[in-house]
Amino acid sequence: MAEQYGPNAVAGPVSRRFEGKVALVAGGGRTPPEAGDGIGVGAATSMLLAREGCRVAVLDIDDAAANRTVKAIVDSGGEAIAIKADVSVDTDCARAFDEVREAYGTLDALLNTLGITRSRRSVTQFVDEEWTAIMDVNVRGFIHTAKHAIPLMTNGGSIVNVSSADAVVPSHGNATFAASKGAVNSLTRHIAVREGYRGIRANAIMPGAMWTPIALTKLGTAVGADKKPLPASDWEAAREQRRRITATQTEGTAWDIAHAALFLASDQARWITGQVLMVDGGASVIAPWDVQNKPERKLADHTLRFVE
Ligand SMILES: NC(=O)c1ccc[n+]([C@@H]2O[C@H](COP(=O)([O-])OP(=O)(O)OC[C@H]3O[C@@H](n4cnc5c(N)ncnc54)[C@H](O)[C@@H]3O)[C@@H](O)[C@H]2O)c1
């Protein structure tokens with residue numbers, strides 16, 4: 001089982017709390033093994049949902065990635081279908097949810113786990129092309145999926161949008177990305193208010209810096225003090241720095257976000273809606289001077305438990 005889920009998977013008891021339910025995970029594709037030991041939030045969420053008895057529609061713009069997640073689920077005895085779609089295209093989303101209706105007849109949960117960014121441009125370096133590219137996927141895409149998911153949620157449902165810590169504690173990342181994630185938070189609250197009467201809840205998760213394939217790419221393109229790309233040999237140091245800025249002294253993984261997403265999507269969260277949850281190992285609450293003045297802070301053993 002550990003092989004199916006990857007070396008960093010965080011285990012947990014299985015309650016089959018999603019038995020009989022149907023979920024669509026947008027951005028649920030899994031990167032190939034050569035992308036490293038990281039796993040994306042969508043793939044981890046899809047796999048945990050299936051493990052809890054959920055039938056999962058894995059939507060991704062990358063067909064091969066979606067099928068990789070489906071294979072991992074089916075190989076573990078779960079049920080899933082792959083759907084190729086670009087969330088920024090309304091007609092793609094309409095077709096995707098038609099496929100869910102045909103396959104399963106209903107929908108209980110929508111989990112928007114994807115997001116794109118570009119290089120670390122500030123507002124003074126802003127280019128219009130980036131606004132269109134990022135906002136089309138990160139915001140318009142989440143509107144499209146919700147638009148087509150809600151009519152399928154005839155017995156009520158839950159929407160979980162993956163935002164970013166950047167929405168409220170911006171890093172030196174991309175200006176449009178930060179703005180897009182602020183919009184995801186507002187959109188989530190809007191849906192909670194407008195659709196609550198139908199029994200539909202909406203919540204968002206703001207992940208801090210975690211170890212996923214996107215981070216691998218970002219670290220590869222991140223510039224060091226000398227303005228040159230960070231060489232692979234420095235990645236471990238960069239990851240250690242990311243651990244140090246958290247209260248728990250650990251780096252998060254997609255599994256940490258996936259577990260939070262499952263809770264918010266589940267019936268156990270039936271009275272939680274319109275909330276944005278920070279999942280960042282406490283990085284956003286630790287005082288900056290505490291990190292700076294205590295370089296001797298020892299790193300905790302961050303070894304994660306394997307799925308059994
Ligand atoms: N990795 C981090 O450190 C970090 C930090 C804060 C927030 N986040 C957010 O967490 C979420 C997941 O991040 P991740 O690192 O797991 O991402 P990822 O890049 O590993 O996975 C994203 C998936 O979405 C798919 N995708 C991209 N554009 C799409 C589109 N237009 N239509 C359909 N599918 C599309 C990709 O093919 C990929 O499979 C994102 O919203 C990201 O912004 C990540």
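**Entry 1: the cores**

I began with the largest nonpolar core, which has 35 residues; Met-47, Leu-49, Val-56, Ile-73, Leu-111, Val-160 and Ile-205 touch the most other members. I kept in mind that I was looking at a predicted model.

Next I asked which elements give two or more residues to this core. On the helix side I noted helix 2 (41–51), helix 3 (63–75) and helix 9 (254–265). Among the strands I found strand 1 (22–26), strand 2, strand 4 (109–112) and strand 5 (157–162). Which element gives the most? I found that helix 9 does, with nine residues.

I then looked up Ile-73 on its own. Setting aside residues up to four places away in sequence, I saw it touch Ser-46, Met-47, Ala-50, Val-56, Val-58, Gly-78, Glu-79 and Ala-80. There is also a second, separate core of 30 residues, and I spotted Tyr-104, Leu-107, Leu-110 and Ala-192 in it. A handy reminder to myself: nonpolar side chains tend to be buried together in soluble globular proteins.

**Entry 2: the ligand**

I moved on to the ligand, which has 28 residues around it. Which of them come nearest? My list reads Val-41, Asp-60, Leu-114, Lys-181 and Thr-212. Sorted by class, I got 15 nonpolar, nine polar and four charged residues in the shell.

For backbone partners, I found a polar backbone atom of Val-41 at 2.7 Å from an oxygen atom of the ligand. Ile-61 places a backbone N or O atom 3.2 Å from a ligand nitrogen, and for Val-87 I read 3.1 Å, again from a backbone N or O atom to a nitrogen atom of the ligand. I also checked the cover: the ligand alone exposes 840 Å², and the protein buries 89% of that. Strand 2 (55–60), helix 6 (175–195) and helix 7 (213–221) each give two or more residues to the shell.

**Entry 3: Thr-145**

I located Thr-145 in helix 5 (residues 128–149). Is Thr-145 buried or exposed? I count it as buried, because its relative accessible area is 0%, and the cut-off for buried is under 20%. Apart from neighbours within four places in sequence, I found Thr-145 in contact with Ala-26, Val-87, Cys-93, Phe-97, Leu-110 and Asn-112. Two names were familiar: Val-87 from the ligand contacts and Leu-110 from the second core.

**Entry 4: the whole chain**

I closed with totals. I counted 10 helices and nine strands, and buried residues make up 49% of the 308 in the chain. The chain exposes about 14,600 Å², with carbon and sulfur atoms supplying 56% of it. Of the contacts between residues at least 6 apart in sequence, 76% join residues at least 24 apart.

Technical notes. Residues numbered from 1 in each chain as written. Predicted model: local features only at pLDDT ≥ 70, side-chain atom pairs only at ≥ 80, totals over all residues. Heavy atoms only, no water. Near = heavy atom within 4 Å. Polar contact = N/O pair within 3.5 Å; in protein donor to acceptor, adjacent residues only side chain to side chain. Areas by Shrake-Rupley, 256 points an atom, 1.4 Å probe, with all protein chains shown as cover. Helix = DSSP H or I, 4+ residues; strand = E, 2+ residues; numbered from the N terminus. Nonpolar A, V, L, I, M, F, W, Y, C, P; charged D, E, K, R; others polar. Buried < 20%, exposed > 50% of the residue type's maximum accessible area, 1.4 Å probe, protein only. Contact = heavy atoms within 4.5 Å. Core = buried A, V, L, I, M, F, W, Y, C linked by side-chain atoms within 4.5 Å.
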